[in-house]
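Good morning, and thank you for making time for this presentation. I should like to talk through one structure and the way two of its parts meet.

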Amino acid sequence: MAESKAILDIAHGVPPVSVSQTSTRVNKTGSWKYIRPLYRDRVAPCNQGCPVGIDIEGYMNLLREGRVDEARDLVLRENPMPATTGRVCYHPCESSCNRASFDQPVAIHSVERMLGDMALGKPAAPALEKRAESVGVIGSGPAGLACAYHLARLGYSVTVYEAESEPGGVLRWGIPEYRLPKAILASEIGRIRDLGVTFRTNTHVGRDVTLAERGMHDAVFAATGVHQSRELGIPGESLTGVWRGLDLLRAVNAGERPQLGKRVVVIGGGNTAMDCARTALRLGAEVTVLYRRSRNEMPANHEEVEAALHEGARFSFLTMPVEVTGDPREADIDPLRAIEDTFGQFDRSSEDPRVSAVLCARMELGEPDASGRRAPRRVEHSEFRIACDTIVTALGEEADTDYLPAELHGGAIRVTALGETSRTALFAGGDLLEEPHTVAFALGSGKRAAIGIDHYLRMKAGEAGADVELGELKLGPDGNLSMTRWRADDPVARVNPVNEVVRVTDLNLSQFGHARRAEDVLRPAWETRHDFLEANLGLPREDAMAEARRCFNCAVCNGCEVCLIFCPDVSISRRDDGKFDIAYDYCKGCGLCAAECPRGAITMTREGL
Amino acid sequence: MKKVIVGNHAVSWGVALARTEVIAAYPITPQTQIVEELAEMCDDGRLAARFVKVESEHSAMAACIGASATGVRAFTATSSQGLLLMHELLHWAGLGRLPIVMADVNRAVAPGWNIWTDQNDTLAQRDTGWVQLYCENNQEVLDTTIQAFALAEKLSLPVMIVLDAFFLSHTSEPVDIPSPADVDAFLPPRNAALKLDTSDPHAFGALTTPAVYMEMRKRQQEAFDQVPEAYRLIDADWDRRFGRSWGAIESYRTEDADTVLVTSGTITSTSRYVINERRERGEKVGLVKIKMFRPFPTEPLRRALAGIPKVAVLDRNISPGHGGIFAEELRSALYDLPSSRRPRVDGYILGLGGRDVTPDVIGECLDATRGNQSSSSSREDLWVGVKP
Amino acid sequence: MTQIPLKEIMPHEEFLESGHLACPGCGASLSMRMVLKALGEKTVVALPACCWSIIAGPYPQSSLKLPLYHSAFETGASVASGIKAALLARGDTETTVVAWAGDGGTFDIGLQALSGAAERNEDILYVCYDNEAYMNTGIQRSSATPLGAWTTTTPGAHPEARPKKDILAILAAHRIPYAASATPAYPEDLLAKVRKAKATKGTRFLHLLAPCPPGWKTADDETIELARMAVRARIFPLLEIENGETWRITVDSPGDPIGPYLAKQGRFRHLKNEDIGAIQAQVDSRWKALQRRVAGS
């Protein structure tokens with residue numbers, strides 16, 4: 001070592017000892033690499049799995065950062081009614097949640113419900129421009145509402161035609177109050193109305209107005225849903241006391257409290273069946289649900305089945321009704337029943353014999369059928385009788401499409417990826433399509449058609465080309481279209497976005513800690529089965545925020561700095577905007593950033609490509 | 001202040017007066033008294049140094065390296081095997097240009113075990129980049145210890161002070177001990193500009209490629225080239241302050257001499273006695289004492305010995321396969337004198353492993369050289385007093 | 001359990017420069033980077049011969065923004081002792097002196113100096129980054145090389161036949177105030193231990209597992225995952241020992257089977273099922289012994 005620093009002067013030439021005078025930054029070690037990391041935001045599986053096409057990952061990340069209002073606005077970009085979907089959607093997003101492989105999926109629906117409730121009374125962002133064209137929407141169920149909402153936000157004049165006295169379709173008339181309070185729905189429809197959408201209720205298209213009159217609109221969206229319940233096709237079906245499920249739900253949603261008697265049999269295994277069963281329970285009945293396959297094959301949502309069970313519904317699986325009987329002697333067998341008869345509790349028509357029992361046959365499961373479910377086969381000589389006062393059938397519904405052009409009659413309507421039918425300017429959505437008949441799919445189809453109509457009208461006006469790059473609009477290869485992408489105004493800053501979905505194998509799970517999923521607060525079944533008040537109270541705000549923090553934020557860089565922290569070459573730096581720069585002069589391409597990235601937001605790419 | 005102290009304690013006093021800041025040492029006979037006394041001094045407050053009681057000489061030198069690189073005055077002492085164990089780190093200190101001062105009490109190397117004096121331990125370190133200063137008496141030991149720090153820090157070179165086992169290390173002599181204030185005036189605290197310093201961080205000793213390694217070696221050589229002049233000035237300063245000087249070499253009664261003994265260490269004192277005796281008998285003999293072995297004081301030796309016909313070098317060391325090391329180095333130094341002025345240099349191997357080098361033994365060597373009429377140097381050194 | 005995000009616990013200041021000469025994916029460079037973040041700018045590093053002698057850069061470069069002394073192979077602890085003594089001699093009680101050595105410089109050639117320093121309880125932080133062989137010289141076995149591993153000096157049919165030396169137990173036997181194992185795969189644990197070590201007086205020893213892609217024959221991007229697997233499989237338990245007496249496991253090692261860890265590494269490619277069984281048995285027995293020490297302290 002030297003006693004004088006002068007030895008470091010260049011004039012002295014090489015110093016007497018090996019002493020550093022520069023950093024290693026003079027070595028451009030980045031030249032060693034043959035692969036390089038790239039920040040590439042991909043698509044979270046929940047986003048792809050959401051039939052509405054909500055940027056779930058995006059709002060979860062905003063919530064994690066405490067940006068609650070922005071999270072709420074982000075939901076409203078894609079979903080006109082998050083308070084509704086937060087309650088009634090069966091959340092396929094959670095089924096695709098990567099966290100399911102780690103502990104339990106994030107309770108996305110609870111978080112969305114919180115955001116939806118926070119959005120109640122808050123207006124949606126208004127249209128940026130006013131367009132001259134007018135669009136007619138037939139039907140005000142979720143598909144129609146979504147289409148109207150998005151079109152209004154795109155600047156169009158929208159008129160919604162609704163045959164019923166109030167808008168909402170299945171949301172208003174089908175889903176019971178205890179699942180979706182009318183006030184919540186009304187508030188969310190109010191937000192759509194506030195965008196300038198005109199609602200013409202009590203207007204049945206085809207009867208009160210005809211499709212031919214659509215000349216006053218530049219495009220039409222048909223989303224009248226399905227109303228015609230399928231029939232049992234067995235003797236005795238027309239006896240008094242046999243209800244069509246939708247009719248029962250409609251009556252109760254209209255404020256009626258029909259008397260069903262003590263013993264109610266519900267036939268069917270879908271969600272309508274569960275709604276009917278739980279409604280019947282609330283009307284004071286003992287309920288038995290008949291389903292011809294086993295529990296595993298039930299199409300109804302698991303939570304609904306659980307709720308029905310908790311509230312006291314009984315299930316008779318592998319049971320098929322073969323005849324409805326009105327034999328009054330059946331009633332006489334039960335002394336209690338006889339007493340009730342005496343007090344004239346039943347509205348029994350004088351002519352028709354009232355239903356008194358259903359004759360059933362036992363079934364067994366055979367080979368899988370076309371739907372993939374094991375086909376039920378009737379067991380010979382297995383008939384038995386279930387005594388009952390009311391039968392509710394919930395076997396699915398069919399559409400009434402008489403008001404539409406003849407070529408669209410008969411079965412589900414086929415539409416393009418942008419919701420257009422074979423008729424120019426005529427779009428369709430909701431349960432008219434061959435898609436799962438859920439609120440989420442309906443909302444998604446409405447949005448898709450809104451994009452389609454916007455494209456069609458702009459093309460007609462010479463503002464757009466015929467081609468739409470659908471892949472770029474989809475949230476993942478199999479996801480729904482994104483309105484944000486259509487409008488190209490994503491408030492979430494994305495880095496080199498690519499339309500691949502991040503799978504759990506793309507994540508680095510070791511960067512996460514286990515945390516239990518917060519479960520919705522449920523009122524006790526002994527209480528809920530007696531009233532129509534909301535049964536599921538959702539999550540308290542802090543629990544919902546904790547759920548948002550459980551989110552892995554798959555696929556999109558959230559600035560967690562894991563890449564920066566694990567870079568052996570100190571080549572990653574954080575920018576002021578929260579994103580990262582890679583100093584490729586020094587990055588050796590080891591790939592630790594990509595390997596350790598918790599969320600698969602970094603991709604290694606071949607050098608020189 | 002005069003005190004009668006052993007050579008080892010003369011080292012300790014020198015180290016204390018130099019206000020050494022870090023001492024790291026490991027015991028070995030016959031050096032141990034040096035560090036025992038230093039431990040006492042640290043304990044009773046005479047010396048405010050950190051004493052690192054390491055587990056080996058290797059670690060002693062390593063700790064000195066660390067300390068010196070951090071900019072403080074560091075010291076250690078050792079002997080023989082301990083010095084050999086340090087060998088790698090002597091290079092480290094040398095090329096690292098760390099002004100460490102070390103005392104080595106010359107002791108023969110094993111096997112078989114031998115605790116008595118000879119110079120093979122230190123001479124085996126001659127190429128490690130250390131200045132080597134051999135001492136003749138306890139006063140010289142004390143003075144040289146303090147001078148060594150001045151020299152080391154002046155040129156960023158480590159300095160080794162060498163004293164003979166027992167003949168000096170354990171022999172009491174009166175020593176004038178300078179006052180601390182006077183020594184402070186001579187030797188200010190070390191002020192290294194370049195050191196391990198968190199406010200001015202540098203890396204020291206990093207990989208040095210062929211492109212620059214040789215330059216650093218040359219800078220080391222240049223520093224060694226400056227040692228004789230630097231030491232002359234330091235010694236003159238010392239002389240001014242304390243009335244004593246030692247010189248890189250010392251010529252003793254060499255005027256008009258036909259034969260001159262060349263010696264180092266305590267053999268010098270015995271040789272002085274022999275020279276005095278012979279001068280009284282009218283023999284034209286003298287003595288040159290080599291204090292500084294590295295760098296080898298070529299120019300002063302040329303000046304001192306040019307024109308003297310015969311030189312007898314007494315080597316208490318042996319480079320197996322070559323001969324006495326002082327003799328060989330001297331022959332090399334005198335080689336390019338004109339032949340008319342170039343002495344004949346005879347080498348004598350004696351006193352190895354602590355064997356006594358008495359006046360008679362020295363007289364024998366002197367006589368042999370004086371009596372030898374050959375005009376050219378013999379390449380074969382003579383082993384003195386060796387049993388068959 | 002909600003984790004504190006790493007970015008909130010990892011200091012942002014960098015003391016390692018880009019352009020250093022570590023191989024891609026080097027566990028040793030990442031270890032240094034994290035350790036220095038926890039130590040801060042008042043730190044001096046003594047660096048005996050090891051991979052880091054190269055990583056630090058040739059003259060006239062340095063990849064550290066801290067004072068650094070390159071020293072001889074076996075002198076990490078002794079040079080650090082001298083540096084500390086010098087700082088204290090000049091009244092600096094604040095600066096942390098770190099000896100940063102590889103496994104060769106710690107388990108083998110530097111063990112004597114380390115033992116000496118530890119026994120004297122020198123006020124230094126000795127960090128051994130362990131890549132389980134002499135990697136800088138091209139993968140020769142050291143006493144840190146694990147049972148069954150291939151190296152260039154345990155080639156062919158004769159892989160390493162002896163278990164890895166238990167360096168932590170050796171250090172603990174010196175009754176030093178703090179000894180701990182850590183790895184950059186668990187940064188939170190690593191930082192906590194470095195901070196604890198920094199705040200402790202006397203000899204502190206950190207044993208860091210630093211996977212080495214070229215030496216272990218692994219992919220560059222698996223460094224962290226391998227260290228994580230080693231911890232999870234109880235091959236490299238994360239623990240700390242106070243005063244040689246109080247043994248504590250700081251991160252749970254659930255006991256994943258060692259097979260997948262070995263299978264990822266080319267240096268274990270030759271192992272047969274029975275070899276893996278034998279290694280597993282050894283890992284299990286060491287873990288049991290550790291459990292006893294933890295329970296007994």
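What follows concerns the interface between the two domains of chain B in this predicted model.

Let me begin with the layout. Chain B is divided into domain 1, covering 2-242, and domain 2, covering 249-383. Taken over C-alpha atoms, the centres of these two domains of chain B are separated by 28 Å. Each domain contributes to the contact: 26 residues come from domain 1 of chain B and 26 residues from domain 2 of chain B.

How much area is buried between the two domains of chain B? The value is about 2200 Å², and carbon and sulfur atoms give 54% of that area. On the domain 1 side, the residues that lose the most area to domain 2 of chain B are Gln119(B), Arg126(B) and Glu136(B). Together, these three account for 29% of what that side buries.

I turn now to the polar side of the interface. Between domain 1 and domain 2 of chain B there are 19 residue pairs in polar contact, counting pairs with both residues at pLDDT 80 or more. As for secondary structure, helix H5 (120-123), strand E6 (131-134), helix H6 (138-155) and helix H8 (210-242) of chain B each supply at least two residues to the domain 1 side. By residue class, that side of domain 1 of chain B divides into 14 nonpolar, 6 polar and 6 charged residues.

Finally, the charged pairs. Across this interface of chain B, 6 salt bridges are found. Separately, I would point out the salt bridge between Asp164(B) and Arg316(B), in which the closest N and O atoms are 4.0 Å apart.

Terms used: Residues are numbered from 1 along each chain as its sequence is written. Chains are lettered from A and ligands numbered from 1 in the order in which they are written. This is a predicted model: local features need pLDDT of at least 70, side-chain atom pairs count only at pLDDT 80 or more; totals for chains, interfaces and linings use all residues. Side-chain values use heavy atoms; hydrogens and water are left out. Domain bounds come from an automatic or database domain assignment. Contact means heavy atoms within 4.5 Å. Buried area is the accessible area (1.4 Å probe) that two parts lose on being put together, summed over both. A salt bridge is a side-chain nitrogen of Lys or Arg within 4 Å of a carboxyl oxygen of Asp or Glu. A polar contact is a pair of N or O atoms within 3.5 Å; within protein, one must be able to donate a hydrogen and the other to accept it, and residues adjacent in sequence count only if both atoms are side-chain atoms. Helices (H or I, at least four residues) and strands (E, at least two) are DSSP runs, numbered from the N terminus. Ala, Val, Leu, Ile, Met, Phe, Trp, Tyr, Cys and Pro count as nonpolar, Asp, Glu, Lys and Arg as charged, and the others, Gly among them, as polar.
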